[in-house]
Amino acid sequence: MGGYLVRRLLGVVVVIFLLSFIAFMLVNAFPGSTAERLLAEGPQGSGITQEIIERFNKELGLDRPPLERYGDWLWNAVRGDLGNSFASSESVLNDIKVRLPRSLELVMLASVMAFFIAIPVGVLSAVRSGTFPDYAGRVFTILGLAIPNFFLGVLVVSFVAEWLNVSLATLPSPYIWDSFVQNLEGMIAPALVLSASLMATLMRMQRSQVLEIIHEDYVRTARAKGLSERSVILKHVFRNSFIPVLTIFGNQFAFLISGAVIVEYIFRINGIGALLVTSIRRADFNEVVGITVVIGLGVVLINLLVDLSYAWIDPRIRYG
Amino acid sequence: MTTSDPIAVPLDVLLPVGPSRLRSLIKMARERPLGAFGAVVIVILLITAIFGQDISIAGETIVPGFAPYPADETDVVNKLAPPTWPDHFAGTDSLGRDMFSRIIYGARTAMIIGLAATGMGIAIGTLFGTISAYLGGVGDMVVQRISDAFQALPPLVLMMVLVTMMSPGIGTVVFVIVIFLVPGTQRVIRGTVLSLKENTYIEAARTIGASSPRIVMQHILPNIVAPIMVLSTVTIGGTILAEAALSFLALGANSAANPTWGFILFEATQRGQLTRWPWLALTPGVAITLIVLAFNLFGDAIRDILDPRLRGTGAGG
């Protein structure tokens, strides 16, 4: 186990290193016009000359070769400094720290909702195959996978909010540790919108897994030795069906984050996704690279956790 | 993908030939009504994409389109008009442009991007996956680690960064979606090829002195046609969704004469007060949902027929 963990963590470091390199080079490969974009926002707007742009690039060090700049960036990043935002001159790490809690909460809330609804419905749908809960679950699955989260978000923000007579996109949203209730009021709707497609994916997987396992010999044995149906389903069927579901969750996590970016944008949640959209518009390279690396780290770590949890769910699995 | 038997599935299962072609199609539709529904919607969309707007070559209109109005024709007396038969079937937007026509025009962009990006993404992914699995060693490891890095990036984030740094347009959007499709595709194909490689007929071919390119072309590629087709059909829905998401963030292939569905929805959100003119959001939203639904259902049916083992692997999830 220890050796396995060390190897996997080394793998994480390698992937994050590659990812930061790819992100940095992508953002820098197309010279574009950071200066023009940023200066166009300022008061002097129209009077941008070549000279101003060159001075600007020099100040930010953008006139040096990309590889050299990546070297500097990496050296600073390893020591915990992701540079400063081009637009606001704030520390990127600080910007992320301020916004990360809301994004984390949104993603975690969505995941928890997805699991808590998808797993029981998926199991029920398979066990009572052909009944109403099964059909309801399957219709939800098909729709949940087809309806884009941005359309669902728009529907919720503009129609559901109207019926409920609340304005979802402008709810004040304090941190969860400042005001638990007020925070949840603002977070429930976006989290539900975000969880829809994950919920559908997990439900589908859970159902097909249970359908497959329920005909296994050991399930028949469990029934034959007189176990209650409840105990057969929970101890024998569910436990064995859960690992592929968890794997899918790991695979889907990057998509969940993509969804979170859009949901934050629609519901105007001040998280790192919304910050990313703004930063991309402004060609704020440091901010974009910093956020991308943090998000990538999250995705890789979640997948590591998923892999490690296999041993906990299925004691037969040992890591060597 | 640990099975070692060949994945070859006779293609006539999918494309029945002979005089009974129509009958077997009807039988297939009866057995998989959802898949058949998807196929019908896809055919309607294809017709709309091709014949909805004028087909012109070098500025010369050859076949006039069936869309009632050009997508950017404004009707100033009918701004934000609710759906009325037969003038403005799906209402008009805040500039008085006909929503139904705009959706028809959007179909072509959606289809071009959906097909082109999926085709190229799967082709390049297959190339990488096959070579990576076949050669193994250091090259394989490098390709896999780079893939890992790309897959740790949320797809939308990757695409947004790329689009912003390049000039927007159909070519850019296709390129960006291809970049995001390649890592996942190459992984699935690599797994399939790895298990194929263990077959004795590959070993036999090598023993009689067949060259690597010959083995790949003659023995491996024909056997991964089924998974490639399955992967392609289940991927198109996701590709169209990705394009729509980019357009929704105003980073897509939208232009005044050729609006994209995602952008039409974006415009609706900019207008606000959607409860007063719900058709602004519902028309593009339902169009996107319906076509993604159709491709998902059709893809599922194709997968069940061609390669049931891919069920639940999340391919295209």
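## A tour from helix α5 of chain B

Start by selecting α5(B): its buried residues are B:P155, B:L156, B:V157, B:L158, B:M159, B:M160, B:V161, B:L162, B:V163, B:T164 and B:M165. Buried here is a neighbour count: 20 or more other C-beta atoms within 10 Å of the residue's own, with 12 or fewer counting as exposed, anything in between as partly exposed, and C-beta atoms placed from the backbone. By that count, 11 of the 11 residues of α5(B) are buried, and the helix is mostly covered. Helices (H or I, at least four residues) and strands (E, at least two) are DSSP runs, numbered from the N terminus.

Before moving on, some housekeeping. You are looking at a predicted model, in which local features need pLDDT of at least 70 and side-chain atom pairs count only at pLDDT 80 or more, while totals for chains, interfaces and linings use all residues. Residues are numbered from 1 along each chain as its sequence is written, and chains are lettered from A and ligands numbered from 1 in the order in which they are written.

**Stop 1: B:M159 and the core**

Stay on the helix and pick B:M159. What does B:M159 contact, leaving aside its neighbours within four places in sequence? Show B:V176, B:I177, B:F180, B:A242 and B:L246; a contact means C-beta atoms, placed from the backbone, within 7 Å.

B:M159 also turns up in the largest nonpolar core, a set of 164 residues in which A:L202, B:M159, B:I177 and B:A245 touch the most other members. Such a core is made of buried Ala, Val, Leu, Ile, Met, Phe, Trp, Tyr and Cys residues joined through C-beta atoms within 7 Å. Its largest share, 18 residues, comes from α10(A).

**Stop 2: α10(A) across α5(B)**

So add α10(A) to the view. The axes of α10(A) and α5(B) come within 7 Å and cross at roughly 60°. Axes are lines fitted to C-alpha atoms, for helices over the stretch in contact, and angles run from 0 to 180 degrees between N-to-C directions. The two helices are therefore oblique to each other; under 35 degrees would be roughly parallel, over 145 roughly antiparallel and 65 to 115 roughly perpendicular, with the rest called oblique.

For the residues themselves, select A:A254, A:F255, A:S258, A:V261 and A:I262 on α10(A), which meet B:P155, B:L156 and B:V157 on α5(B). By class, that is seven nonpolar, one polar and no charged residues. Nonpolar covers Ala, Val, Leu, Ile, Met, Phe, Trp, Tyr, Cys and Pro, charged covers Asp, Glu, Lys and Arg, and the others, Gly among them, are polar.

**Stop 3: the whole interface**

Zoom out to both chains. The contact takes in 42 residues of chain A and 38 residues of chain B. On the chain A side, the elements giving two or more residues include α1 (2-29), α8 (180-213), α10 (229-267) and α12 (285-313). Which of them gives the largest share? That is α10(A), with nine residues. Colour this side by class and you get 32 nonpolar, nine polar and one charged.

**Stop 4: each chain alone**

Hide chain B for a moment. Chain A has 12 helices and zero strands, and its C-alpha trace spans about 85 × 55 × 35 Å along its principal axes. Of its 320 residues, 39% are buried.

Now swap: chain B has 11 helices and two strands, with the strands following the second helix in the order α-α-β-β-α-α-α-α-α-α-α-α-α. Its trace spans about 80 × 50 × 40 Å, and 49% of its 317 residues are buried.

Back on chain A, colour by pLDDT, the predictor's confidence in each residue, from 0 to 100. The chain averages 83, and 90% of the residues score at least 70. Confidence is lowest in α2 (residues 34-41), at a mean of 59, and highest in α5 (residues 92-127), at 91. Where pLDDT is low, the predicted coordinates should not be read in detail.

**Stop 5: two loops and a small helix**

Go to A:R268, in the loop between α10 and α11 of chain A. Phi there is near 50°, a positive value in a residue other than glycine. Then jump to B:A250, in the loop between α9 (225-248) and α10 (261-271) of chain B, where phi is near 60°. Most residues other than glycine have a negative phi.

Last pick: A:V219, in α9 (residues 217-224) of chain A. Is A:V219 buried or partly exposed? Partly exposed, with 17 other C-beta atoms within 10 Å. Beyond four places in sequence, A:V219 contacts A:I213, A:I214, A:V232, A:H236 and A:V237.

Note on methods. Two residues are in contact if their C-beta atoms, placed from the backbone, lie within 7 Å.
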